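I opened a new entry for this chain today. My plan was to go through it place by place and write down what I looked up.

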Amino acid sequence: MVRRIDGPTRIPVPGGKVIDEYVGRVNSGDEQLSIAHMVAPPGWEEPAQTPEFAEYTLVLKGSVIVEHAGGTTVVEAGQAFVSEPGEKIRYSSGPSGAEYVAVCLPAFSPDTANRDE
């Protein structure tokens, strides 16, 4: 069955980052995966998390900085990265901010992101 999704649901988050979920628990009711377009301002950062889902991220503009057990990886526009379930990670944006698309398997949920307080 084909389902057209007419637009995203904007998910409010602190720190000036914008999340527009196209597919996922909030916008389409899908729990198997989520697809979201995100825009983060320069200097944005979020707490570390140990998600129960895999995240596949394609950076469209700017850069995303990923802190992980192996060090820090800077992912520039035109590059992608994958984080595996159970891996402790922390995201932030580079000096020009970041625009990116994230796909999570299973779908993103605040309850399964396991963010540090």
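Before the first look-up I fixed my terms: buried means under 20% relative accessible area, exposed means over 50%, and partly exposed is in between. I also noted that this is a predicted model.

**Entry 1: aromatic pairs**

I searched for paired rings and found 2 aromatic pairs in the structure. The pair I took up first is F53 with F108, in an edge-to-face arrangement. I read 5.6 Å from centre to centre and 70 degrees between the planes. For the edge-to-face label the angle has to be over 60 degrees. I then checked where the two rings sit. F53 is in the loop between strand 3 and strand 4 (54–68), and F108 is in the loop between strand 7 and helix 1. The two are 55 residues apart, so I logged this pair as a link between distant parts of the chain.

Is each ring buried or exposed? F53 has 1% relative accessibility and therefore counts as buried. F108 has a relative accessible area of 25%, so I entered F108 as partly exposed.

The other pair is F81 with Y91. Their ring centres are 5.7 Å apart and their planes are at 55 degrees, so I wrote this pair down as tilted. F81 belongs to strand 6 and Y91 to strand 7, so the pair ties together parts that are 10 residues apart in sequence. Both F81 and Y91 are buried.

**Entry 2: around F81**

I stayed with F81 for a closer look. Its relative accessible area is 11%, which means buried. Leaving out residues up to four places away in sequence, I listed what F81 touches: E55, Y56, T57, V64, V66, V75 and Y91. I also took a distance to Y56. F81 and Y56 are 25 residues apart in sequence, yet 6.0 Å apart in space, C-alpha to C-alpha.

**Entry 3: two places in strand 7**

I turned to S93, which lies in strand 7. S93 has a relative accessible area of 6%, so I filed S93 under buried. What does its side chain reach? A polar atom of the S93 side chain lies 2.6 Å from the backbone oxygen of P41. Not counting residues up to four places away in sequence, S93 touches A40, P41, P42, G43, W44, S63, I65 and A98.

E99 is also found in strand 7. I read 18% for its relative accessible area, and E99 is buried because the cut-off is 20%. The side chain of E99 makes a polar contact with the side chain of H37, at 2.7 Å. With neighbours within four places in sequence set aside, its contacts are H37, M38, V39, L58, V59, L60 and K61.

**Entry 4: the loop at E87**

I found E87 in the loop between strand 6 (80–83) and strand 7 (89–105). At 28% relative accessibility, E87 counts as partly exposed. A polar atom of the E87 side chain lies 3.2 Å from the backbone nitrogen of E84. Beyond its neighbours within four places in sequence, E87 is in contact with Q49, T50, P51 and H68. I also noted the distance to P8: 28 Å, C-alpha to C-alpha, across 79 residues of sequence.

**Entry 5: backbone oddities**

Most residues other than glycine have a negative phi, and most peptide bonds are trans. I looked for departures from that. The bond joining L105 and P106 is cis, with omega at about -10 degrees. P106 is in the loop between strand 7 and helix 1 (110–113). N114 is not a glycine, but has a positive phi of about 50 degrees. I placed N114 in the segment after helix 1. At 31% relative accessibility, N114 counts as partly exposed.

**Entry 6: the largest pocket**

How many residues line the largest pocket, and which lie nearest its centre? I logged 30 lining residues, with V13, K17, I19, F108 and R115 nearest the centre. The volume is about 480 Å³. Strand 2 (18–23), strand 3 (34–40) and strand 7 each supply at least two residues of the lining. By type I entered 19 nonpolar, 4 polar and 7 charged residues. F108, from the edge-to-face pair, is thus back on my page as one of the residues nearest the pocket centre.

Technical notes:
Residues are numbered from 1 along each chain as its sequence is written. This is a predicted model: local features need pLDDT of at least 70, side-chain atom pairs count only at pLDDT 80 or more; totals for chains, interfaces and linings use all residues. Side-chain values use heavy atoms; hydrogens and water are left out. Helices (H or I, at least four residues) and strands (E, at least two) are DSSP runs, numbered from the N terminus. Buried means under 20% relative accessible area, exposed over 50%, partly exposed in between (1.4 Å probe, protein chains only). Contact means heavy atoms within 4.5 Å. A polar contact is a pair of N or O atoms within 3.5 Å; within protein, one must be able to donate a hydrogen and the other to accept it, and residues adjacent in sequence count only if both atoms are side-chain atoms. On a 1 Å grid over the protein atoms alone, a cavity is a set of points where a 1.4 Å probe fits but cannot get out, and a pocket is an open set with protein on both sides within 12 Å along at least five of seven lines; lining residues have an atom within 4 Å of a point. Grid points are joined across faces, edges and corners, and a volume is the space filled by probe spheres set on the points. Ala, Val, Leu, Ile, Met, Phe, Trp, Tyr, Cys and Pro count as nonpolar, Asp, Glu, Lys and Arg as charged, and the others, Gly among them, as polar. Rings of Phe, Tyr and Trp (its six-membered ring) pair if their centres lie within 6.5 Å; planes under 30 degrees apart count as stacked, over 60 as edge-to-face and the rest as tilted.
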